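Please open the structure in your viewer, with the sequence panel beside it, and keep the selection tool at hand. The tour below goes from one selection to the next and says what is to be found at each stop.

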Amino acid sequence: MSTYKQHQKLTAIDAAYIAGLIDGEGTVTLTRKHKNENRQLCISISSTEIDLLEFVLSAAGVGKITNKQASKSHHAHSYTYAVYNRQALVLLEQTPPYLKSYKHDRAALILKDYLAVTPRNGKYTAEIMARKKVFEQAVLSIKANS
């Protein structure tokens, strides 16, 4: 039986550094892993520097680093750190004071409403599903320079 990863409390310096990585090379979004699934919270950071992503993984205590396939032979090998759902929410709770881009506004809205429209058991009533769709549109409409 595998153990559930526990999120670690970030120091203020680490939270600010990770927020900078999210602002510069990352995303705060709602995504689908499969076509017919509901959207879920995702925080990701892409980089060619695996040591950087290993630091994020170690500091946060949750998430996963994956290899990204280079589309051209002359492109550098790159990696992506990603964390989803409630584990992403815990990470996001620690970074808003330091986020400076539009991702700050996305984070604020997600922190305010995500749990209310995302039942832990995955069972959506018609009312919650309707509220979730409005929430998704609101989050995804927050873009750079908006």
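Two strands pair if DSSP finds at least two bridges between them, and helices (H or I, at least four residues) and strands (E, at least two) are DSSP runs, numbered from the N terminus. What you see is a predicted model, in which local features need pLDDT of at least 70 and side-chain atom pairs count only at pLDDT 80 or more, whereas totals for chains, interfaces and linings use all residues. Residues are numbered from 1 along each chain as its sequence is written, and side-chain values use heavy atoms, with hydrogens and water left out.

**The sheet**

Begin by selecting the four strands of the open sheet, which has the order E1-E2-E4-E3 and antiparallel pairing. At its edges are strand E1 (26–31) and strand E3 (64–68), each of which pairs on one side only. Averaged over the sheet and with direction ignored, neighbouring strands are turned by 30° against each other; for such angles, axes are lines fitted to C-alpha atoms, for helices over the stretch in contact, and angles run from 0 to 180 degrees between N-to-C directions. Strands of a sheet pair through backbone hydrogen bonds, either parallel or antiparallel.

Now walk across the sheet, starting with E1 and strand E2 (residues 40–47), which are joined in the antiparallel sense over six bridges. Select Val28 and you will find Ile43 of E2 standing opposite. On the other pairing of E2, that with E4, the sense is antiparallel and there are six bridges; here Ser46 has Thr80 in E4 as its bridge partner. To finish the walk, display E3 with E4, which run antiparallel and are joined by five bridges, and pick out Ile65, whose bridge partner in E4 is Tyr81.

Stay with strand E4 (residues 78–84) and colour the strand by accessibility: E4 is mostly covered, six of its seven residues being buried, where buried means under 20% relative accessible area, exposed over 50%, and partly exposed in between (1.4 Å probe, protein chains only).

**Thr29 in the edge strand**

Is Thr29, the next residue to select, buried or exposed? Thr29 is in strand E1 and, because its relative accessibility is 18%, counts as buried. Leaving aside neighbours within four places in sequence, Thr29 is in contact (heavy atoms within 4.5 Å) with Gln40, Leu41, Cys42, Arg106 and Leu140.

**Helices H1 and H2**

Select helix H1 (residues 12–25) together with helix H2 (residues 50–60), whose axes are 11 Å apart and which pack at an angle of about 130°. That angle makes H1 oblique to H2; angles under 35 degrees count as roughly parallel, over 145 as roughly antiparallel, 65 to 115 as roughly perpendicular and the rest as oblique. If you show side chains, Asp14, Tyr17, Ile18 and Leu21 in H1 meet Leu52, Phe55, Val56 and Ala59 in H2. The residues of this contact divide into seven nonpolar, no polar and one charged, with Ala, Val, Leu, Ile, Met, Phe, Trp, Tyr, Cys and Pro counted as nonpolar, Asp, Glu, Lys and Arg as charged, and the others, Gly among them, as polar.

**Helix H4 and its partners**

Move on to H4, which lies across E1 and E2 and runs at about 40° to E1. Add helix H3 (residues 85–93) to the view: its axis and that of helix H4 (residues 103–113) come within 10 Å and cross at roughly 120°, so H3 and H4 are oblique to each other. Leu89, Leu92 and Glu93 of H3 make the contact with Ala107, Ile110 and Leu111 of H4, and by class these residues are five nonpolar, no polar and one charged.

Then exchange H3 for helix H5 (residues 126–141), the axis of which comes within 9 Å of that of H4 and crosses it at roughly 160°; H4 and H5 are therefore roughly antiparallel to each other. Arg106, Leu109, Ile110 and Asp113 of H4 make this contact with Phe135, Ala138, Val139 and Leu140 of H5, a set with six nonpolar, no polar and two charged residues.

**Last stop: Gln137**

Finally, select Gln137, which lies in helix H5 and, at 59% relative accessibility, counts as exposed. Draw a distance from its C-alpha to that of Leu30: the two residues are 107 residues apart in sequence and 9.8 Å apart in space.
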